[in-house]
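Student: I have a chain in front of me and would like to learn how to read it step by step. Could you take me through it with questions and answers?

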Amino acid sequence: MDSLVKIYLRLLQETEVKTFRYLHSNMDWDERCIAIIGAKGVGKTTLLLQHIKATFEDKNEALYASLDNSWFANHTIFDLADEFYMNGGTHLFLDEIHHYPNWATEIKNIYDSFPKLKIVFTGSSLLQIYKSTADLSRRVVYENLEGLSFREFLKFEKVGDFPVFSLKEIVENHQNIAFQITENIKIMPLFKKYLRNGYYLFYKEGLKKYDIKLQEAVNNVIDIDVPAIENIEFESRYKLKRLLAILATLVPCTPKITDLSTAIDSNRNNTVKYLSLLANAKLLNLVSYKNKTIGDLTKPDKVLLNNTNLSYLYGDNANIGSARETFFVNQLSAVADVILAPQGDFVIGNYTFEVGGKKKSFEQIKDIPNSFVVADDIEIGHNNKIPLWMFGLLY
């Protein structure tokens, strides 16, 4: 365990605690067992280390360990918990839990064997489809960590620390909010920068290698995270990558499953399952009409990339119409259910939204109550026309 402690203390020294992700203050850290799930690169590891550094005066009361460390090749999580607890430890933080076989059973055993030990673990967003015989439902509180919102990006860029606004507040008071935020800053260049490379926390490590790191993150998800949770062969991993690359050139699109199946040499059921896997891995967003449940074998009505940063992996000139819809669905999906609209683009609760450029008209939604145009390339809206960037203030 000494090698793990050494790594833990070094990582703590290198962790800054000036700027926290939104989830840190939204969570109840006093729960006995917490799972933080999210996409690769959104800051799960940093969140754990920041919490330890900011919370524990005695760093020996806590321990951070990543489950992809070679120490676990001949030790178990239970071994670690036992030794840590015997030496006075009270809070165990486990990173990348999905890298460890039978993790659910061991977490259950630790929970039952050490009633005074608190556990926080992180894992891939794919854990939401993890099928386990261990009953963790009444033991674990699950928290989702999304990628950076535009609001958080502005905070990390030291432009301003703006409050979170609800969808209702934005719809009803968008003009006043926009006036306050844009009074001293030029918002549009910052928004364009965010769309290009502001969603993943590792953008802070430098932009020169951002695309390389993003490609590595995508490959890591498909080559390591997916097989850790789904029994999937190497050939299927290649098909997942091929499908993602094809969709990146088509989105937003109504998927033609037959054509996609032919393109990746697959059958219909597997292709639809691959779409679901890519969505659960936070690489795609699948949207359908009301009262339609998205399942493993259900074709979605519309496919989008999960976030706009992914658009640029497959070409520098991302389709602007696609980017607008991708941003809107990405930010709204973090706080609400997004449904395709029979007229307009999307329905969220009682609101209907049509997404477009600054010249977008109300023609398609003019007779629909509670309908709004979401317009790009404007700083401040008017009446029922709301700036697109403002939907990045939701979390």
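**Reading the chain**

Tutor: Keep in mind that this is a predicted model. Of the 395 residues of the chain, 55% count as buried.

Student: Which radius of gyration does the chain have, and why does it agree with a compact globule?

Tutor: A compact globule with 395 residues would be expected to have a radius of gyration near 21 Å. The chain agrees with that expectation, because its own value is 22 Å.

Student: What percentage of contacts between residues at least 6 apart in sequence join residues at least 24 apart?

Tutor: A contact here means heavy atoms within 4.5 Å. Among the contacts in the chain whose residues are at least 6 apart in sequence, the share that joins residues at least 24 apart is 66%.

Student: How far apart do the centres of the positive and negative side chains lie?

Tutor: The chain carries 45 positive side chains and 48 negative ones, and each set has its own centre. The distance between these two centres is 5 Å.

Student: How many helices and strands does the chain have, and are the faces of strand β6 buried or exposed?

Tutor: The secondary structure of the chain comes to 14 helices and 12 strands. In β6, which covers residues 284–287, Leu-284 and Leu-286 lie on one side, while Asn-285 and Val-287 lie on the other. As these four residues are all under 20% relative accessible area, both faces of β6 are buried.

Student: Which residue of β7 is the bridge partner of Leu-286?

Tutor: Strand β7, made of residues 302–305, pairs with β6 in the antiparallel sense over four bridges. Within this pairing, Val-287 stands opposite Lys-302. In β7 itself, Lys-302 and Leu-304 point one way and Val-303 and Leu-305 the other way, and all are buried. The bridge partner of Leu-286 in β7 is Val-303.

Student: Which strands stand at the edges of the open sheet of five strands?

Tutor: This open sheet has mixed pairing, and its strands follow the order β8-β9-β10-β11-β12. The two edge strands each have a single partner strand, so one side of each is left without a neighbour in the sheet. The strands at the edges are β8 (339–340) and β12 (385–387).

Student: Which residue in β9 stands opposite Leu-340?

Tutor: Strand β9, which covers residues 346–348, is joined to β8 by two bridges, and the two strands run antiparallel. Opposite Leu-340, the residue that stands in β9 is Phe-346.

How values were computed
Residues numbered from 1 in each chain as written. Predicted model: local features only at pLDDT ≥ 70, side-chain atom pairs only at ≥ 80, totals over all residues. Heavy atoms only, no water. Buried < 20%, exposed > 50% of the residue type's maximum accessible area, 1.4 Å probe, protein only. Pairing = 2+ DSSP bridges. Rg over C-alpha atoms; globule rule 2.2 N^0.38 Å. Lys, Arg positive; Asp, Glu negative; His and termini not counted. Charge placed at Lys NZ, Arg CZ, Asp CG, Glu CD.
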